[in-house]
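Me: I'd like a close look at the largest pocket here, and then a walk outwards from there. Could you take me through it as one connected story?

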Amino acid sequence: MEEKGTVSRNFIEQIIDKDLEEGKYESICTRFPPEPNGYLHIGHAKSILLNYGLAKKYGGKFNLRFDDTNPTKEKTEFVDSILADVRWLGADFEDRLYFASNYFEQMYEAAVLLIKKGKAFVCDLTADEIREYRGTLTEPGKESPYRNRSVEENLELFENMKNGMYEDGAKVLRAKIDMASPNINMRDPVIYRVAHMTHHNTGDKWCIYPMYDFAHPIEDAIEGVTHSICTLEFEDHRPLYDWVVREVGYEHPPKQIEFAKLYLTNVVTGKRYIKKLVEQGIVDGWDDPRLVTIAALKRRGFTPESIQMFVDLCGISKSQSSVDYAMLEYCIREDLKLKRPRMMAVLDPVKLVIDNYPDDQIEYLDVEMNLENPELGMRKVPFGRELYIDHEDFMENPPKKYFRLFPGNEVRLMGAYFVKCVSFEKDETGKVTEIHCTYDPETKCGSGFTGRKVKGTIHWVAAKTAVRAQVRLYENIIDEEKGVYNEDGSLNLNPNSLTVLDDCLLEPALADAKAYDSFQFVRQGYFCVDAKDSKEGAPVFNRIVSLKSSFKLPKAEG
């Protein structure tokens, strides 16, 4: 049993505690090192918030560093989007914004040092030959015929590589470690390649570029990172990480720690797939609200607090597991339910006329912003003779236990009066076009009326003051019944992932809503003003999430 006052630590915090107690580090420094080759997604949010959270918890530093060592896929657009995402999540890197490309000179010098120590050599084998020589998981590799070149020859060849004397792929620099190692990553890995590419940061200064496994430990060491926290696929690369910092001779080498990635069920996170969806026009950009990039979640209406809650609920472990998307939806509902006003919006309008209400009268009713949070106060909502309600709130021939409007039935108009349906009109197709009611002025909400009761309450908007808006209803872009991928590797797309409603009517207070403002629409769900397509006086609302879900948090043990 834990002693009173102790706090449960995840395994990373236990390692940090031990390192600090033993004096390995005086303070800690973590980093988030994205490659700017696409937009970040929800899985990256876990890494950002974990690394920032640890630095904050231990009074240390958190760095943001772009691992831009591969100019073939990197763009300034991706750099800008990542900066925006990290800032939006609240991970404060202060003035510690770094680029791996700013360390190219030190990396080159480190490679020269390894050559001088006899720990690296220039190899002329092709990529296919290197793979062939590498061996298998059960058989050792074979040494390159170029492995025993002299230090002098290797220095000259490497400088020639740097000076652009060879074509792409003609030569590489490899670490000289152990071709019989049981860990394939230690079998003389390539640490530099020739690539005549223009780099987004360094231009055409370099035509050789370091490989990730060589560059990353050097970047960490230069920046004074103490705990280099990465995902589990790098666990087998850790011996090479340690070899690099040891052989290059860093005095306070960083420590690599691996944790399990965050996997969400039935979502697309692969940059290759998202890129294809964007290029084919299936989505309207990397920030399309049907995606789970951080930019898309922000545009849809998720909050940094909801994503932090989600990451906290997922926890940190070494075990790979998948999390239901419904848990992310649970987190945004929990975050918004007490913070946001509950407004009236009619998504499928049909006119309701109160026959005995004065023709030209507009009455302003006091309506609570949020029934669960009185601190949000009240608002004035205009009410008149002609209103709009949702089509589904009226039925000509209702089933049992239908308590909304039908001929002869009485309901409460939310925040207003009791109304009783007396007649209705249809068009030639049989669709109801107008409902006629009478109201009882004694039943005004808040009047203290204690007479008869009604079982149904419906929302509405006044016809004269209603704001017309487009509302977008999003579903998963993946067909959940079929799974994410087809047998040929293509995506199983849901043809109904987006429904656009152009003639929705909202209460007038929503006319001035700004980008990213979010609200609960009564009985409809949580909605956010789209930041991309909304215009002044013509708002577009994205449904963030519906009101209810079958998701339940697992009960705590004990």
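Reply: **The largest pocket, and what else is there**

Helix H2 is the top contributor to the lining of the largest pocket, giving 5 residues. One thing to keep in mind as you click around: this is a predicted model. H2 covers residues 42-57, and it shares the job with strand S1 (29-32), strand S8 (227-231) and strand S10 (263-264), each of these four elements putting at least two residues into the lining. So that you can find the middle of the pocket, look for His44, Thr231, Glu233, Lys261 and Lys271, which lie nearest its centre among 39 lining residues. His44 falls within the stretch of H2, and Thr231 within that of S8.

How much space is in there, and what is the lining made of? The pocket holds about 1,100 Å³. Sorted by class, its lining comes to 17 nonpolar, 13 polar and 9 charged residues. Three of those charged residues have already come up, since Glu233, Lys261 and Lys271 are among the residues nearest the centre.

Now for the one enclosed space. The model has 1 cavity of 30 Å³ or more, and about 80 Å³ of space lies in it. If you want to colour its walls, pick Tyr212, Asp213, His216, Pro217, Cys230, Phe234, His237, Tyr241 and Gln256. Helix H7 (residues 212-223) supplies the largest share of that lining, 4 residues. By class the walls break down into 5 nonpolar, 3 polar and 1 charged. Cys230 of this cavity sits within strand S8, which also helps to line the largest pocket.

Gln256, another cavity residue, falls in strand S9 (residues 255-259), and that strand brings us to a salt bridge partner, Lys255. Which residue does Lys255 meet, and how far apart are the two along the chain? The partner is Asp19, with the side chains meeting at 3.0 Å, N to O. Asp19 belongs to helix H1 (residues 11-21), and the two residues are 236 apart in the chain, so this pair links distant parts of it. As a rule, side chains of opposite charge can pair when their charged atoms come close. Across the whole structure there are 50 salt bridges.

Next door in the numbering you'll find a sheet. Four strands make up this open sheet, in the order S4-S5-S6-S7, and the pairing is antiparallel. Its edges are strand S4 (120-123) and strand S7 (208-210), which each pair on one side only. On average, neighbouring strands in it are turned by 20 degrees against each other, ignoring direction. Inside, strand S5 (residues 172-175) and strand S6 (residues 190-194) run antiparallel and are joined by 3 bridges. For an anchor point, Arg174 has Val190 in S6 as its bridge partner. Two helices pack on this sheet. Helix H4 (residues 104-116) touches S4, S5, S6 and S7, at about 120 degrees to the direction of S6. Helix H6 (residues 151-162) touches S4, S5, S6 and S7 too, and its direction makes about 60 degrees with that of S4.

Further along the chain comes the second largest pocket, with about 410 Å³ of space. Of its 25 lining residues, Tyr325, Glu329, Glu475, Asn476 and Glu480 lie nearest the centre. Helix H12 (325-336) and strand S27 (540-545) each bring at least two residues to the lining, with H12 giving the largest share at 4 residues. The class count here is 10 nonpolar, 6 polar and 9 charged.

H12 also leads to a second sheet, lying across S25, strand S26 (525-529) and S27 at about 115 degrees to S27. This open sheet has 7 strands, ordered S12-S25-S26-S27-S23-S24-S13, and its pairing is mixed. At its edges are strand S12 (342-343) and S13, each pairing on one side only. S12 runs parallel to strand S25 (residues 518-521), joined by 2 bridges, with Arg342 opposite Gln520. At the other edge, strand S13 (residues 345-346) pairs antiparallel with strand S24 (residues 498-506) over 2 bridges, and Ala345 partners Leu506. S24 is also joined to strand S23 (residues 467-474) by 7 bridges in the antiparallel sense, with Val471 and Leu501 as one bridge pair.

Note on methods:
Residues are numbered from 1 along each chain as its sequence is written. This is a predicted model: local features need pLDDT of at least 70, side-chain atom pairs count only at pLDDT 80 or more; totals for chains, interfaces and linings use all residues. Side-chain values use heavy atoms; hydrogens and water are left out. Two strands pair if DSSP finds at least two bridges between them. Axes are lines fitted to C-alpha atoms, for helices over the stretch in contact, and angles run from 0 to 180 degrees between N-to-C directions. Contact means heavy atoms within 4.5 Å. On a 1 Å grid over the protein atoms alone, a cavity is a set of points where a 1.4 Å probe fits but cannot get out, and a pocket is an open set with protein on both sides within 12 Å along at least five of seven lines; lining residues have an atom within 4 Å of a point. Grid points are joined across faces, edges and corners, and a volume is the space filled by probe spheres set on the points. Ala, Val, Leu, Ile, Met, Phe, Trp, Tyr, Cys and Pro count as nonpolar, Asp, Glu, Lys and Arg as charged, and the others, Gly among them, as polar. A salt bridge is a side-chain nitrogen of Lys or Arg within 4 Å of a carboxyl oxygen of Asp or Glu.
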